[in-house]
Amino acid sequence: MHMDTAIPIICKHCGSQKLTPFRKYTQITYYHYLLPCTCGNQYEFAAVRTGHITRAYEEWGYFKDNTWTVKDTKRVGPQDRRVDGSDILCHRCYEIADDSSWQYTEFRREDLDGEYCVRCEKCHHEMKSSP
Ligand SMILES: [Zn+2]
Ligand SMILES: [Zn+2]
């Protein structure tokens, strides 16, 4: 049997024809925490902390005329939070800093292609597919 059809139309497990196409993708948020040095020391920043958070998303919808229409998106699974580096330059400011002293910046990157899948509405069996 050839897998010529991009989207399977019948679930092999239960024979249902009600299938929901969805897309899985990951989003990575890179973040920087900067603590300004305010004690008159030579440093511009007292401390720096960088890291990234990986989150997985699923969005589902339908294919119509080969166009992917998104109906809803939700986050799936736990988020993965990593510290990439931290540096303390001015210990004096670092010791007296509280949470509100830190400046927070972030930028996000999405895996735009992701992975297209199809799920059976009845038994939730998952099949890989291409758009
Ligand atoms: Zn300082
Ligand atoms: Zn099924």
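**Exercise 1. Contact range.** Determine what share of the contacts with a separation of 6 or more joins residues 24 or more positions apart.

*Solution.* Take the contacts of this predicted model whose separation is 6 or more. Select the pairs that are 24 or more positions apart. They account for 70%.

**Exercise 2. Overall form.** List the elements in order, then decide whether the protein is spread out or compact.

*Solution.* Start with the inventory: 1 helix and 6 strands. Read from the N terminus, the order is β-β-β-α-β-β-β. Next, compare radii. The globule rule gives 14 Å for 131 residues, but the radius of gyration is 23 Å, well over that value, so the protein is more spread out than a compact globule. Then take the box along the principal axes: the C-alpha atoms fill roughly 70 × 25 × 25 Å.

**Exercise 3. Burial.** Find what percentage of the residues counts as buried, and which residues make up the largest nonpolar core.

*Solution.* Begin with the whole protein: 8% of its 131 residues count as buried. Now look at the core. The largest nonpolar one has 5 residues: Leu 35, Ala 46, Ala 47, Cys 90 and Cys 93. Follow Ala 47 outward, leaving aside residues up to four places away in sequence. Ala 47 touches Leu 35, Asp 87, Ile 88, Leu 89 and Tyr 94.

**Exercise 4. The S2–S3 hairpin.** Establish in which sense S2 and S3 pair, and over how many bridges.

*Solution.* Locate the strands. S2 covers residues 45–64, and S3 covers residues 67–88. Their pairing is antiparallel and runs over 17 bridges. For one cross-strand position, take Tyr 57: Arg 75 in S3 stands opposite. Now the turn. There are 2 residues between the strands, and Asp 65 in this hairpin takes a positive phi near 50°. Finally, check the cover on S3: among its 22 residues, the count of buried ones is 0.

**Exercise 5. Gly 85.** Classify Gly 85 as buried or exposed, and give the distance from its C-alpha atom to that of Thr 50.

*Solution.* Place the residue first: Gly 85 is found in strand S3. Count neighbours. There are 9 other C-beta atoms within 10 Å. The limit for exposed is 12 or fewer, so Gly 85 is exposed. Last, the distance. Thr 50 is 35 residues apart from Gly 85 along the chain, yet their C-alpha atoms are separated by 5.3 Å.

**Exercise 6. His 124.** State where His 124 sits, the sign of its phi, and its exposure class.

*Solution.* His 124 is in the loop between strand S5 (115–120) and strand S6 (126–128). Its phi is positive, about 65°, although His 124 is not a glycine. Inside 10 Å there are 11 C-beta neighbours, so His 124 counts as exposed.

Key. Residues numbered from 1 in each chain as written. Chains lettered and ligands numbered in written order. Predicted model: local features only at pLDDT ≥ 70, side-chain atom pairs only at ≥ 80, totals over all residues. Helix = DSSP H or I, 4+ residues; strand = E, 2+ residues; numbered from the N terminus. Rg over C-alpha atoms; globule rule 2.2 N^0.38 Å. Buried ≥ 20, exposed ≤ 12 C-beta atoms within 10 Å, placed from the backbone. Contact = placed C-beta atoms within 7 Å. Pairing = 2+ DSSP bridges. Core = buried A, V, L, I, M, F, W, Y, C linked by C-beta atoms within 7 Å.
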